[in-house]
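Here is a friendly walk through one protein chain and its empty spaces. Keep the model open beside the text as you read.

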Amino acid sequence: MRKIEDILHLAELCIDLLQQNDECYEEEFKSAFTWFTDLLVEHSEIFWSLFAVDLESVILSQPPDTWEGFPVFQVLNDYLIHNPYMAGGTFHQQLKNMFAPLVVRYVDLMESSIAQSIHKGFEKETWKADEHGCAASEELIWKLDALQTFISNLHWPDEVVAKHFEQRLKLMAADMIESCVKRTLEAYEAWMQRSRTSTDFIIPSEICVMINVVLHFKSESLKLCAVAGVDRHQYHTKIDEFIERISSEMIRSFVEKFSSILVSCILSKLARYDEGSLLAPIFSFAQASTSGNVSGDLGRQYVNCLRSSMEQIRQRVIDELFILAMFEKLYTSQINLICTWLTERMDRTLHPYQVNCLSHLVKKTFAEFELQGIPEDVLNHKKFQTVQERMRLEEATAAVSDAGNKSSAGSRTMTSVFAKAKKLALS
């Protein structure tokens, strides 16, 4: 390490000396003798050829896979590329040839190291929030950005080789982002499958972190996969399309989860009250005996489940457009399922308990999604209007039936009173 520090200090001294020479002779000789510039360049090349002997000796003496020599390259290269007479000269070529294998080896090892850290990081990932994503995703983004910044700051003088380095790093970033997004989706789907299908379900914070990881990769991909905002190699376009598909998969899985809760925990239970069902009288009697128990209201349970998860997502997910897209698809799916369920019972009157539960569910679902900013045209689409009209009809039918039952019960009560009075009078 001491040798590297010494050669770096020597390089800085040499640069200062040659710059002083240029400044000293620039006005007096360069304007008077056109050949003097060539003489200074030749002198500088000889001067640097002597320095190159010591530089090469120091570089070769370094242990393998050590990178302390890069600051020497940066100092010398920055001086040479800004000197119109020395740029691309003999010493500059020698400098490139000396350090090119080191840069290639460095990129190779960093690629392998980052890939291993992805594997280990996501294996141990607990999906706790860390800035915009999780610990593993934030570490990857930092490493990719640091590597690209380092190689860019070398200002590699050979344009063809520089573009090769750039292309390789952009492709590496795209491949690694794709790998991480795939792993995140696998974890997301595993969590969804393991979670309970009941009205007690609330989206875990870990699920929100996974969504944020994918969304953060999407926002960072332009910088990591494109060049100064220009997608020269089409890596950003490909990874952006890939992340869009993964985001859609996450939304689909989320919607399917709540669809399964709605079907298995609400609609299938309400189907027990269907007119003509063998078990309908039993469930009707049981419901009548517990009619005052609010906890038995399936519609209320489901709305509470839906509201809790939406609040969790609203508080934790970082992308407003993603949230709106997710909620729009969720709302549409729920209304479609209810509409299908009602259509299957078009030729029969709903049981009062079915009417009460669905009425509460439909009204509250509309209100909840309206509060979340879902557009009016999505909320009030054709199937919702169909459901709304059917529920109004069923509510009116239930009200008439209930009024008739009360009137009949009142008549029976009055008949009983008159009978008792008659009996007392005769006695």
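## Tyr353 and its surroundings

Tyr353 sits in helix H12, which covers residues 352-371. The model is a predicted one, and all that follows describes that prediction. Is Tyr353 buried or exposed? Its relative accessibility is 8%, under the 20% cut-off, so Tyr353 counts as buried. In sequence, Tyr353 and Ala398 are 45 residues apart, while their C-alpha atoms are 9.7 Å apart in space.

## The chain as a whole

Stepping back, the chain has 14 helices and zero strands. Its pattern along the sequence is therefore α repeated from start to end, as α-α-α-α-α-α-α-α-α-α-α-α-α-α. Of the 427 residues in the chain, 41% are buried. Among contacts with a separation of 6 or more, 80% join residues that are 24 or more positions apart.

How far can you trust each part? The average pLDDT over the chain is 84, and 83% of the residues score at least 70. Confidence is highest in helix H11 (residues 320-343), with a mean of 95, and lowest in helix H9 (residues 280-289), with a mean of 48. For residues 288-296 the pLDDT is below 50, and this stretch makes four contacts in the model beyond near neighbours in sequence.

## Helix H5

Helix H5 is worth a visit of its own. It spans residues 135-153, and its 19 residues reach 27 Å from the first C-alpha to the last, close to the 27 Å expected at 1.5 Å a residue. The buried residues of H5 include the nonpolar-class Ala136, Leu140, Ile141, Leu144, Leu147 and Ile151. Ser137, Glu138, Lys143 and Gln148 are buried in H5 too. What covers the buried residues of H5? The cover includes helix H4 (90-124), H6 and helix H7 (205-225). After H5 comes His155, which has a positive phi, near 50°.

## Empty spaces

Rolling a probe the size of a water molecule over the atoms shows where empty space is left. In this model, a search of the whole structure turns up two cavities of 30 Å³ or more. The table sets the largest pocket beside the second largest cavity.

| Space | Volume | Largest share of the lining | Lining by class |
|---|---|---|---|
| Largest pocket | about 310 Å³ | H6, six residues | five nonpolar, four polar, six charged |
| Second largest cavity | about 40 Å³ | H5, three residues | three nonpolar, one polar, one charged |

Which residues lie nearest the centre of the largest pocket? They are Gln148, Ile151, Ser152, Glu166 and Leu169, out of 15 residues that line this pocket. Helix H5 and helix H6 (159-194) each supply at least two residues of that lining. Two of the residues nearest the centre, Gln148 and Ile151, are also among the buried residues of H5.

The second largest cavity is lined by Ser117, Ile118, Ala136, Glu139 and Leu140. H4 and H5 are the elements that give two or more residues to its lining. Ala136 and Leu140 from this lining also appear among the buried residues of H5.

Helix H5 thus links the two spaces in this account: it supplies at least two residues to the lining of the largest pocket, and the largest share of the lining of the second largest cavity comes from it.

Key
Residues numbered from 1 in each chain as written. Predicted model: local features only at pLDDT ≥ 70, side-chain atom pairs only at ≥ 80, totals over all residues. Heavy atoms only, no water. 1 Å grid on protein atoms, 1.4 Å probe; cavity = no way out; pocket = protein on both sides within 12 Å on 5 of 7 lines; lining within 4 Å. Points joined across faces, edges and corners; volume = space filled by probe spheres on them. pLDDT = per-residue confidence, 0-100. Contact = heavy atoms within 4.5 Å. Buried < 20%, exposed > 50% of the residue type's maximum accessible area, 1.4 Å probe, protein only. Expected span 1.5 Å × (residues − 1).
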